[in-house]
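Here is a walk through a two-chain model, going from one local detail out to the domains and the contact between the chains. Have the structure open as you read.

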Amino acid sequence: MPSDPLVARHVLEFPGGYTRTTGPVIGRFLSELRARRIVGVRTAEGRVLVPPLEYDPATGEAVTGEYVEVGPAGAVTTWAWVDEPLDAHPLDRPFAWALIELDGADTALLHAVDADNPKAIAAGTRVWPVWKDRPTGHITDISYFVPEVTKIVAPVRTEYRLQAGGALRVFLEGVARGVFLGGRCPSCDQVYVPYRMSCPECGEVIGEPVELPDTGTITTYAINNLPDPRAPQVPFVSAYILLDGADIPMIALVGGVPAHEVRQGMRVRAVWVPPEERTASMASVRWFAPMEPS
Amino acid sequence: MRDVAIVAFAQTRHTSHDTGLTEPELIRPVIDEVKERTGLRRFGFTCSGSCDYLAGAPFSFVSALDALGAWPPISESHVEMDAAWALYEAWVRLQHGDIDSALVYGFGKSSLGDLRTIMTLQLDPYYLAPLGLDQLAYAALQAAAVGAERKELDEIVRRSRADGRGNPYALDLPDPDGAEDYAVRPLKKTDVPPITDGAAAIVLAAGDLARRLTANPAYITGIAHRMEPHYLGMRNLALSASAADAARAAGVGKGPVEVAELHAQFPHEEIILRRALGLGEETTINPSGGPPAANPVMATGLIRIGEAARRVLDGSARRAVAHATGGPCLQQNLVTVLEAP
């Protein structure tokens, strides 16, 4: 309250609220709502008014006694977006007010629509009611409407046990010693890294591994904005690095440089974890970092 | 029909805040001003328009009579509507033929409460009010239905505020800055009319009295009001069928309209009303700045009639049109045609 004695707070309130009679038409609509049904009333001309009125606004004639179940779904015709809900509003988070033409109705019902953002609603959006837990016969028995289901989330998760044997084991044992091992094809002379058993191009068996330096050149890269357990933070850069003396690039993290400064052609060198922490795993290579200009 | 004319109009210098004046204190100067202009001390009929919910006091319009000096007893009435409808009632009363003058006034202090949610109280208590539907919410729904270009809406606000700055009675509001600051989308905060306190008064005179009181009475050559269903889902919100009907009944199209004062509180309402009233490029819209420049609720519509009449009274226009509205999304519309003798 303001401390100025000339300013006073004044509240106009009818304690407990007014009791209002509904009449037979609105009473029927609200009773149907309590039973989780939405009905309209048919006019003499055959139109279905939702919510029902006692008289047809178009002609002034009394409506017929025929109640028609409509919806419960319908299509949005017009909507407005509330960024900052007021206390009296049906939702306490941003939402839309909408006119909703329920299936089978000839007029539109005004209600709230719980959509995540203004892009999630448009003229024509199909919406369905969300009912209050304990309907009492009130327009707010429908808590709000929500967009029709058009997609679901399907969780996928399976676990595997991977064993590095063969050529990969040879390569990773090299990593444990702090070297990158590749393989030279005896037929086409291409050097592959990581080391592999055969040349994917010629099919020839590759012999003993060759040691490659831990320096190379970025051929292409991606700035990743989704977190990955193998990366220190987001955004992080993953890159194809062509090790000096290799013909095929190897994928690895790039660090020690702001993501936006990474370039194709950048010269990089592997940053190894200390020798006592190295294992037969790529975790032994922290990342590749730009080489000091020579 | 008896010839009835507007012979005097006065309004307060509207404020954007509560000055602490009581309603009678707010009204008294404009009543005095029209009495002085006409030389009339008593009127055959008095009618006012106001809304008790603005002050939050039941029958606040009764105490407003203190501004009049209502003894010995006067013949008096009140509408819980914009005072433009009080003017309509007074016009009808003058048609009875037994009196020749009427005083009409309207007043409102929207600074006292939260107008946006006070306006919820005018909605039907079964289907709309319980949802907490507020003034900006339903106006935004209508703006969405109209779907006007943002540029056109901004230009209406810019023009109205610029005209308002030239009107000593309206507020001094800056040009909209073009920021994407929304009230309820698609309405921007600059589309929302300013909270305003103010009052206005008009004197109507019939027959010979009108010419005796002023050189250029603004004759009411047409006046009609129409309304449409209250429930928003039963109407095409992009149009105003009732404003178009009222305009037809008042005979707006029977001659050129030099000036139109429209009770368009939001810019999209001006677009709807220009179409409904059939106003073209040749008509100057809201030279006073209109409601976007000063919106003393319950007097705003009467001020439209007064501003249109003023241009006939001062000889600057021969034919002017005034529009007033009430209810959510232009539910009720009153159209008045004013002409020089």
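## Helix 9 of chain B and what covers it

Let's start at Gly251(B), the residue that follows helix 9 of chain B and has a positive phi, near 80°. Keep in mind throughout that this is a predicted model.

Helix 9 of chain B spans residues 241-250, and its buried residues are Ser242(B), Ala243(B), Ala244(B), Ala246(B), Ala247(B) and Ala250(B). What sits over them? The cover for these buried residues includes helix 10 (267-277) of chain B, along with strand 7 (218-227), strand 10 (319-326) and strand 11 (332-339) of chain B.

## Two domains in chain B

Chain B splits into domain 1 (4-114 + 194-213) and domain 2 (133-193 + 219-339). Their C-alpha centres are 22 Å apart, and the contact draws on 32 residues of domain 1 of chain B and 29 residues of domain 2 of chain B.

On the domain 1 side, strand 1, helix 4 (83-95), strand 4 (101-109) and strand 6 (197-206) of chain B each put in at least two residues. Helix 4 of chain B has the largest share there, with six residues. By residue type, that side of domain 1 of chain B breaks down into 19 nonpolar, ten polar and three charged.

Out at the start of the chain, Met1(B) lies in the segment before strand 1 (4-11) of chain B. Is Met1(B) buried or exposed? Met1(B) counts as exposed because it has 10 C-beta neighbours inside 10 Å. Its C-alpha is 20 Å from that of Phe43(B), which is 42 residues away along the chain.

## The nonpolar cores

In soluble globular proteins, nonpolar side chains tend to be buried together. Here the largest nonpolar core has 156 residues, and the members that touch the most others are Val113(A), Leu87(B), Val104(B), Tyr105(B), Leu141(B), Ile202(B) and Leu204(B). Helix 6 of chain B contributes the largest share of this core, ten residues.

Take Leu87(B) as a way in: leaving aside residues up to four places away in sequence, Leu87(B) touches Val104(B), Ile202(B), Leu302(B) and Ile305(B). There is also a second, separate core of 23 residues, with Tyr192(A), Ile218(A), Ala270(A) and Phe288(A) among them.

## Chain A: a small sheet and two domains

Chain A has an open sheet of three strands in the order 2-1-3, with antiparallel pairing. Strand 2 (48-49) and strand 3 (67-70) of chain A are the edges, each pairing on one side only. Strand 1 (residues 38-42) and strand 3 of chain A are linked by four bridges; Val39(A), for one, has Glu69(A) in strand 3 of chain A as its bridge partner. Helix 1 (residues 23-34) of chain A lies across strand 1 and strand 3 of chain A, at about 155° to strand 1 of chain A.

The domain assignment gives chain A a domain 1 (23-147) and a domain 2 (166-290), with C-alpha centres 62 Å apart.

## Where the chains meet

The contact between the chains takes 29 residues from chain A and 25 residues from chain B. On the chain B side, helix 6 (135-146) and strand 5 (184-185) of chain B each supply at least two residues, and helix 6 of chain B gives the most, with five residues. That side of chain B consists of 19 nonpolar, four polar and two charged residues.

Strands pair across the contact too: strand 4 (residues 74-82) of chain A and strand 5 of chain B run antiparallel, joined by two bridges. Within that pairing, Val82(A) has Val184(B) as its bridge partner.

Conventions:
Residues numbered from 1 in each chain as written. Chains lettered and ligands numbered in written order. Predicted model: local features only at pLDDT ≥ 70, side-chain atom pairs only at ≥ 80, totals over all residues. Contact = placed C-beta atoms within 7 Å. Nonpolar A, V, L, I, M, F, W, Y, C, P; charged D, E, K, R; others polar. Pairing = 2+ DSSP bridges. Core = buried A, V, L, I, M, F, W, Y, C linked by C-beta atoms within 7 Å. Buried ≥ 20, exposed ≤ 12 C-beta atoms within 10 Å, placed from the backbone. Axes fitted to C-alpha atoms, helices over the stretch in contact; angles between N-to-C directions. Domains from an automatic or database assignment.
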